[in-house]
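Dear colleague,

I am passing on the structure we spoke about, and below it I have set out what I found when going through it. Please read the notes with the structure open beside them.

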Amino acid sequence: MSQQKWWQTAIFYQIYPRSFADGNGDGIGDFKGMTEKLDYLKGLGVDGLWLSPHFPSPNWDCGYDISDYENVAPEYGTLEDFKAFLHAAHARGMRLILDLVLNHTSDEHAWFLESKSSRDNPKADWYVWKDPLPASPISNPRNGGGVPKGRRGPPNNWQSCFDGPAWTYVPERGQYYYHYFMKQQPDLNWRNPEVKAAMWRAARFWLDMGVDGFRLDALGTIYEDPDLTPHTVPMTLAELRHFSDVATTPEEKKLAEKYWFDMYKNQWGGPGLHDLMQELRHVLDEYPGDRMLVGEDDNIDYMGNGDDELHMVFNFPLMRTERLTPDWVRANQTERLRRLDALPARGWGCNTLGNHDCSRVLTRYGDRVHDDQLARLHLALLMTMRGTPFLYNGEEIGMTDLVIPDPVKLRDTMATWYYDSLINKLKVEPALAAQRAGAMSRDKDRTPLQWRDAPNGGFCPEGVTPWLPVNPDYAAGVNVEAQENDPDSLLNFYRRMLKVRKDTSALVEGEYQAVHEKAEDYLAFRRSLPEQQVLVVLNFSGKKLVLDFTDLRSKPARTIYPSGNPAELSLAKINLEPFGILISELL
Ligand code: GLC
């Protein structure tokens with residue numbers, strides 16, 4: 001195990017700062033709260049922390065619109081509070097990576113304010129500025145004809161993925177700027193070397209302080225098609241969202257998927273990213289301590305040769321299913337590991353089942369009957385797979401989505417924009433529009449962490465309004481305090497399972513080999529090192545199973561989990577309860 005880097009052996013936990021722990025009782029999470037909860041995290045067994053953006057931000061996109069890369073959002077504390085948090089994490093043997101948003105800044109960032117002020121200021125070329133399209137757009141297919149005849153229109157018909165057209169006009173310059181996300185999130189012009197220098201300086205600011213690396217936000221969107229090739233989808237963004245929402249037949253769903261791809265395919269993955277990632281990697285490699293980069297992308301190509309660009313990219317394809325099944329996981333592993341292994345320096349995997357952008361894992365993969373068992377099974381999967389695991393705060397106590405029915409209470413502006421479009425443009429009746437917007441909003445998976453069975457789930461004091469509503473199921477046992485005291489709780493299961501991974505070298509660094517590959521009810525695989533062979537069997541069905549693994553070996557095995565089982569186990573007859581988990585060492 002000693003050969004491995006810290007980020008290969010670590011178990012990561014994503015902290016969503018606004019919702020994690022409120023130390024000063026104002027209804028918003030902060031560094032004081034996070035620092036106070038480090039012992040809780042240590043006790044959980046995680047040793048890598050990923051912090052979603054903690055920088056000053058007008059919060060159009062909950063912190064992913066940064067107005068100063070070298071400071072801390074005042075509602076979270078001060079730079080001194082940040083340093084105290086970092087040092088306290090390090091003192092407990094935990095590493096900390098930050099969220100680095102490269103594609104765009106906030107429109108309130110000083111860089112953008114200067115850039116938009118004129119065409120000849122020193123930062124005039126720091127963002128993606130284009131002239132209006134000179135020809136009449138009605139006859140010009142490039143911008144979809146959305147502009148009245150005779151007037152000039154946007155450079156093309158690209159859509160932002162959050163709120164309508166991807167171009168916003170600035171009268172001071174008589175030009176449009178490009179934004180893949182909201183109009184409050186202008187895209188930086190990464191072809192300008194000054195932009196790189198400024199962003200690498202910001203990265204160094206945190207690296208100098210001792211942070212252990214970065215999760216790189218939305219990196220696929222950094223470079224778009226330089227020819228600005230228009231998309232060909234016969235819909236606006238709101239119409240496409242609506243179309244997807246009402247799609248029921250497989251054909252309609254497939255078409256919606258195709259439209260989503262076609263609408264944005266020219267807006268990401270443009271040339272230049274490999275060089276850029278190599279440059280950033282050089283910056284990190286100047287520092288001692290194996291600083292790490294993990295990309296919010298599933299494209300293994302961005303790992304370069306396996307050791308010269310990103311250290312890891314997320315295995316998001318694993319999550320792109322309505323139900324995790326043995327077949328699904330096996331196919332995913334075969335494909336991902338084949339590609340990682342093919343990299344000249346061999347790539348390292350990275351698995352996750354949830355984050356702040358998607359429905360919570362228990363809601364997504366639960367069946368409302370066996371949710372608790374499934375949550376345990378899915379964690380056991382994550383803890384036994386090859387690759388560094390990432391958990392999302394709250395999943396350890398079984399937090400579920402809280403759909404906010406009142407559009408006025410939505411904080412995710414992507415959802416409020418959709419709500420307004422449904423009502424005003426698509427004339428959908430308000431109750432239905434509210435339901436749709438609530439369901440697509442990412443607020444549902446970002447609600448405050450539930451610490452106790454107390455008003456506001458113990459997140460903030462009674463009488464204080466938390467920034468997002470707290471899920472009332474804190475009163476039904478979905479809270480940390482109740483679960484700490486219950487040995488059979490999900491929280492204590494998480495602790496046990498994280499420890500199993502930590503204590504079992506083969507689970508961290510062993511090779512993966514699927515066994516019984518045709519099994520539909522269960523997933524079985526071996527994780528092997530020369531000195532240790534582990535067999536993992538996960539029952540994905542609601543049936544009791546009796547399985548024979550003597551085809552692997554005739555000698556008995558030693559049970560690692562469940563620990564209460566007899567120490568020696570016969571491979572001829574393995575009994576698995578419905579959704580049962582077996583982790584055993586082959587002797
Ligand atoms: C990433 C973040 C998401 C954010 C977007 C724009 O996908 O995870 O929350 O809205 O980038 O920065």
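Cys62 cannot be in a disulfide in this model, because its sulfur is 15 Å from the closest cysteine sulfur, which belongs to Cys358, while a disulfide would need the two sulfur atoms within 2.5 Å. Please keep in mind throughout that this is a predicted model. Cys358 is likewise in no disulfide, since the nearest cysteine sulfur to it, that of Cys350, is 14 Å away, and by the 2.5 Å rule the count comes to zero disulfides. Both of these cysteines fall under the 20% limit for a buried residue: Cys62 has a relative accessible area of 12%, and Cys358 has a relative accessibility of 17%.

The ligand comes next. Which residues are closest to the ligand? The ligand is surrounded by 13 residues, and the closest are Asp61, Asp217, Glu296, His356 and Asp357. By class, this shell consists of seven charged, four nonpolar and two polar residues. Three side chains can be described at the level of atoms: Asp61 has a polar side-chain atom 2.6 Å from an oxygen atom of the ligand, His356 has a polar side-chain atom 2.9 Å from a ligand oxygen, and in His104 an N or O atom of the side chain is 3.1 Å from an oxygen atom of the ligand. Taken on its own the ligand has 310 Å² of accessible area, and the protein covers 95% of this.

Asp61 also comes up in connection with a residue far along the chain. Thr413 is placed in helix H14, which is made up of residues 413-424, and although Thr413 and Asp61 are 352 residues apart along the chain, their C-alpha atoms are separated by 6.7 Å. Thr413 counts as buried because its relative accessibility, 17%, is under the 20% limit.

Now to the strands. Strand E1, residues 12-15, is covered on both faces, with Phe12 and Gln14 buried on one side and Tyr13 and Ile15 buried on the other. This division into two sets fits the general pattern, because in a regular strand the side chains alternate between the two faces of the sheet. E1 has two parallel partners to look at: three bridges join E1 to strand E11, residues 388-392, where the bridge partner of Tyr13 is Leu391, and four bridges join E1 to strand E2, residues 48-51, where Ile15 has Leu51 as its bridge partner.

A separate description applies to an open sheet of three strands, which has the order E4-E6-E5 and antiparallel pairing. Its edge strands, each of which pairs on one side only, are E4 (129-130) and E5. Strand E5, residues 167-170, runs antiparallel to strand E6, residues 175-178, and the two are joined by four bridges; among the paired residues, Val170 has Gln175 in E6 as its bridge partner. What kind of phi does Gly174 take in the hairpin of E5 and E6? The hairpin has four residues between its strands, and Gly174 there takes a positive phi near 60 degrees.

Two further residues have side chains in contact with the backbone. His231 lies in the loop between strand E7 (213-217) and helix H8 (237-246), and a polar atom of its side chain is 2.9 Å from the backbone nitrogen of Val233. Is His231 buried or exposed? His231 is buried, because its relative accessible area of 8% is under the 20% limit. Thr9 lies in helix H1, residues 6-9, and a polar atom of the Thr9 side chain is 3.2 Å from the backbone oxygen of Trp6. Thr9 and Tyr76 are 67 residues apart in sequence, and their C-alpha atoms are 30 Å apart in space.

With best wishes

Terms used: Residues are numbered from 1 along each chain as its sequence is written. This is a predicted model: local features need pLDDT of at least 70, side-chain atom pairs count only at pLDDT 80 or more; totals for chains, interfaces and linings use all residues. Side-chain values use heavy atoms; hydrogens and water are left out. A residue is near a molecule or strand if one of its heavy atoms lies within 4 Å of it. A polar contact is a pair of N or O atoms within 3.5 Å; within protein, one must be able to donate a hydrogen and the other to accept it, and residues adjacent in sequence count only if both atoms are side-chain atoms. Accessible areas come from the Shrake-Rupley method with a 1.4 Å probe; for residues, only the protein chains shown count as cover. Ala, Val, Leu, Ile, Met, Phe, Trp, Tyr, Cys and Pro count as nonpolar, Asp, Glu, Lys and Arg as charged, and the others, Gly among them, as polar. Buried means under 20% relative accessible area, exposed over 50%, partly exposed in between (1.4 Å probe, protein chains only). Two strands pair if DSSP finds at least two bridges between them.
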